[in-house]
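Work through the exercises below with the sequence and coordinates open. Each task is followed by a stepwise solution.

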Amino acid sequence: MIEVHGTDEQLPSLFAALSKALGEIGPVTKDNTATARGGRTYSYADLTAVLDAIRPKLTELDLWYSQNPGGIRAEGGLVIQTIDAIIGHGGGAYILYRTDIPISQQTEQGMGIGTSYGRRYQAVGNWSVGMEDNDGQHNTPPSRSSEPKARSAAINPFDGQPTGHLAQA
């Protein structure tokens, strides 16, 4: 959900500053590595890196950015954490972005992980921050080679001699 708040006099300044910021905020360097289930590793930029890439430009353009956990609700067997982000301008206008994040681990740590993850992706989306997303790679089936598998001579396990048959490698 997105709500825009301000007067007809305030909004042009907000949108001009926002437009300039979106054009000048650069990509984030992914300098963290994590290992997922199954041993797959991937690189990512953490929340601090994303916010550090945004803040200098906001200050320069009289903009500010705040993210706050909102309510928690149960919906269809899931626990949903709402995160409210506000982009404000010194002239008084602001935009409220409300994002719902499903929380898979219903513990204090799970809530913290889900909130941090949601804030990171919300900030990336709100500010169009470029970064490579490797999180979905585990959903991609492994590539299959179009080359035929190598074959070698099968060995008789009892005497160690070739059987005359070919075995797949």
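Is Arg73 buried, partly exposed or exposed? Arg73 is partly exposed, because its relative accessible area is 31%. The classes are buried (under 20% relative accessible area), exposed (over 50%) and partly exposed (in between), with a 1.4 Å probe and protein chains only.

**Ground rules**

This is a predicted model, in which local features need pLDDT of at least 70 and side-chain atom pairs count only at pLDDT 80 or more, while totals for chains, interfaces and linings use all residues. Residues are numbered from 1 along each chain as its sequence is written, and side-chain values use heavy atoms, with hydrogens and water left out.

**Exercise 1. Describe the chain as a whole.**

Step 1. Take the secondary structure. Helices (H or I, at least four residues) and strands (E, at least two) are DSSP runs, numbered from the N terminus. The chain has 3 helices and 8 strands. Their order from the N terminus is β-α-β-β-α-β-β-β-α-β-β.

Step 2. Take burial. The chain has 169 residues, and 32% of them are buried.

Step 3. Take the surface. Accessible areas come from the Shrake-Rupley method with a 1.4 Å probe; for residues, only the protein chains shown count as cover. The chain exposes about 10900 Å² of accessible surface, and carbon and sulfur atoms account for 51% of that.

Step 4. Take contacts (heavy atoms within 4.5 Å). Of the contacts between residues at least 6 apart in sequence, 48% join residues at least 24 apart.

**Exercise 2. Trace the salt bridges of Glu24.**

Step 1. Fix the criterion. A salt bridge is a side-chain nitrogen of Lys or Arg within 4 Å of a carboxyl oxygen of Asp or Glu. The whole structure holds 7 salt bridges.

Step 2. Start with Lys20. Glu24 pairs with Lys20 in a salt bridge, with closest N and O atoms 3.6 Å apart. The two residues are separated by about one helical turn, because they sit 4 residues apart in helix 1. Both ends are partly exposed: Glu24 has a relative accessible area of 38%, and Lys20 has 42%.

Step 3. Turn to Lys57. The side chains of Glu24 and Lys57 form a salt bridge at 2.5 Å, N to O. Glu24 is in helix 1 and Lys57 is in helix 2, so this pair ties together parts 33 residues apart in sequence. Lys57 is buried, at 15% relative accessible area.

Step 4. Join the pieces. Lys20, Glu24, Lys57 and Glu60 are linked in a salt-bridge network.

**Exercise 3. Map the surroundings of Thr82 and Arg73.**

Step 1. Place Thr82. Thr82 belongs to strand 5 (residues 78-89). Thr82 counts as buried because its relative accessible area is 8%.

Step 2. List its contacts. Outside its neighbours within four places in sequence, Thr82 touches Asn68, Pro69, Gly70, Gly71, Arg73, Arg98, Thr99 and Asp100.

Step 3. Look for a polar contact. This is a pair of N or O atoms within 3.5 Å; within protein, one must be able to donate a hydrogen and the other to accept it, and residues adjacent in sequence count only if both atoms are side-chain atoms. The side chains of Thr82 and Arg73 make one, at 3.4 Å.

Step 4. Follow Arg73 onward. Its side chain also meets that of Glu75 in a salt bridge of 3.0 Å, N to O. Glu75 is partly exposed, with 43% relative accessibility.

**Exercise 4. Check the geometry and packing of helix 3.**

Step 1. Compare spans. Helix 3 (residues 108-126) has 19 residues and reaches 26 Å from first C-alpha to last, close to the expected 27 Å. That expected span is 1.5 Å times one less than the number of residues.

Step 2. Pick out the buried residues. Among them are Gly110, Met111, Gly114, Thr115 and Gly118.

Step 3. Find their partners. The buried residues of helix 3 pack against helix 1, strand 3 (41-44), helix 2 (47-60), strand 4 (63-75), strand 5 and strand 6 (94-103).

Step 4. Look past the end. Ser128 follows helix 3 and has a positive phi, near 50°.

**Exercise 5. Classify Thr35.**

Step 1. Thr35 lies in strand 2 (residues 32-35). Step 2. Thr35 is exposed, at 56% relative accessible area. Step 3. Beyond its neighbours within four places in sequence, Thr35 is in contact with Arg40 and Thr41.
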